[in-house]
Amino acid sequence: MSLRPFIGLTIIALATAAGAFTVSAQQAQRTRSPHGNLEIRCQSCHVSEAWRPVRAVPDFDHNKETEYPLLGQHRKVACASCHVTPVFRETPQNCSSCHADIHRRQFGASCEGCHSVQGWRIQLSAVRQHVNRFPLTGAHAASTCESCHHGAATAVFTGLSTACASCHLSEYNSARTIDHRATGFGMRCEGCHRMDQWKNPNFAGGFDHTKFTRFPLTGSHVSASCEQCHPGNRFAGTSQECASCHGALYDSAVNPDHKAAAFPRNCALCHGTVHWTPASFDHSRTQFPLMGAHVSTSCASCHTQGRFAGTPTTCVSCHLAKFHATTSPNHVAAAFPQDCQLCHTSVQWLGAKFDHSTTRFPLTGAHTSVQCTNCHVANQFTGTPTLCYSCHSSAFSSVTNPNHVAAAFPTTCESCHTTTTWTGARVTHRFPIYTGAHAGKWSTCNECHTNSSNYRIFTCLTCHAHDRAIMDEKHRGRTGYTYDSLACYSCHPDGRH
């Protein structure tokens with residue numbers, strides 16, 4: 001046996017006898033203290049009169065000297081119960097290090113969730129907090145753990161279902177006031193039952209029809225009794241159509257007669273759950289939304305004799321009399337189409353404005369300000385020609401510079417003229433007379449086209465009158481050369497040398 005521990009204790013004892021009782025951590029380490037690296041004053045646990053055996057004394061305050069205050073039952077526990085070795089500093093502080101897990105790790109290692117230092121017996125107040133997925137409220141708060149956590153051999157805590165039916169399936173199957181299985185009730189018990197009152201549930205106040213069904217209760221439906229819609233306790237498969245409950249009202253309605261008018265049986269189109277009468281029909285949900293003057297028109301104006309189904313949506317079906325009576329312009333004589341919305345709108349019937357851009361002849365330039373009668377003589381609208389010449393033939397015939405008739409110009413006025421500027425026509429000329437050397441060198445066509453009756457005849461020699469002998473010498477050896485304007489053009493089609 002080694003004598004070093006005893007030598008160390010002897011040294012400490014001698015120091016004590018000499019009045020130097022305090023031993024530093026360094027000294028305790030050098031003397032191989034059996035307490036490891038415990039850094040406290042020796043007199044906290046030892047007394048000078050009897051150094052051994054070691055015993056706990058009131059001078060050692062566990063609450064001040066350590067990070068683990070002793071509370072409740074821990075005050076009565078002997079030091080050796082937790083400090084089974086002389087090493088104190090590394091002693092674990094979690095409950096499971098001293099208290100064996102009898103729950104087979106179903107609750108985890110946090111004993112303080114149910115137990116208390118005041119007493120190891122289970123603390124119901126802690127359990128009732130039920131910190132997992134299922135808070136205990138109502139009757140569950142007074143239930144014993146075994147009521148839900150029971151198994152074949154021992155208690156079961158993990159993996160249990162939180163659905164009501166997992167515990168209350170027998171109540172579901174045995175219900176007779178309303179046979180839950182026969183009516184097709186789901187097993188979401190909380191839809192009707194509450195934890196503080198399982199029996200005699202108050203359906204009107206307790207059952208959330210909006211949350212648990214596809215038919216939210218609104219308006220008068222909120223105060224209706226369940227039996228009004230669910231006669232004979234029939235719940236599953238209940239129709240959501242209004243007519244399934246209000247079919248008698250549909251059949252007996254006379255103002256208007258719903259059946260005669262072939263109204264749809266979708267009551268919600270006109271009636272609401274807050275007020276059944278008076279009904280309000282949203283015409284915008286039909287194929288003919290009401291706009292303009294139609295908004296304030298009475299239903300009977302269009303739906304004569306209570307006829308609704310099959311009512312035509314064309315304007316002329318109501319406005320044919322106005323179509324025939326109109327004289328300015330006369331719609332019938334002008335063979336106007338009976339598509340009234342081409343010119344009229346439901347906002348403003350009078351002062352019709354025709355959108356000419358929807359025709360084959362959009363109005364551009366000066367045409368936008370021309371009166372209709374200028375082109376549509378005697379209110380002739382259908383078959384009106386779209387050629388410029390049909391309106392501008394007199395201008396074509398009277399022009400002298402150049403003379404269109406004599407020059408045999410084509411009658412396609414748009415070749416030279418535009419709707420924006422009629423005068424100052426600009427002919428599409430293959431020879432560059434508007435650019436290059438010829439730009440600004442002429443003022444009238446007949447400077448080159450000397451024969452006003454035939455514009456195919458032209459001369460270059462009026463402006464380019466060179467000495468023929470010089471031109472002959474200059475073009476000596478040129479094949480096809482002659483002193484002639486057509487020959488000039490054949491070699492100089494772009495006016496360049």
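**Aromatic rings in a predicted model**

Author: Start with one contact: R426 lies over the face of Y434, 4.0 Å from the ring centre. This is a predicted model, where local features need pLDDT of at least 70, side-chain atom pairs count only at pLDDT 80 or more, and totals for chains, interfaces and linings use all residues. Residues are numbered from 1 along each chain as its sequence is written, and side-chain values use heavy atoms, leaving out hydrogens and water.

Reader: When does a charge sit over a ring?

Author: NZ of Lys or CZ of Arg must be within 6 Å of the ring centre and within 35 degrees of the ring normal. Here, the charged end of R265 also sits over a ring, that of Y250, 4.5 Å from the centre.

Reader: How many aromatic pairs are there?

Author: Rings of Phe, Tyr and Trp (its six-membered ring) pair if their centres lie within 6.5 Å; planes under 30 degrees apart are stacked, over 60 edge-to-face, the rest tilted. By this rule there are six aromatic pairs. One of them, F263 with F308, is edge-to-face, at 4.5 Å centre to centre and 75° between the planes. F263 and F308 are 45 residues apart.

Reader: Is F263 buried or exposed?

Author: Buried means under 20% relative accessible area, exposed over 50%, partly exposed in between (1.4 Å probe, protein chains only). F263 has 18%, so F263 is buried. F308, at 23%, is partly exposed.

Reader: Why is the pair of F431 and Y489 tilted?

Author: Their planes meet at 50°, so the pair is tilted; the ring centres are 6.0 Å apart. F431 is buried at 16%, and Y489 is partly exposed at 28%. F431, F458 and Y489 form one aromatic cluster.

Methods. Helix = DSSP H or I, 4+ residues; strand = E, 2+ residues; numbered from the N terminus.
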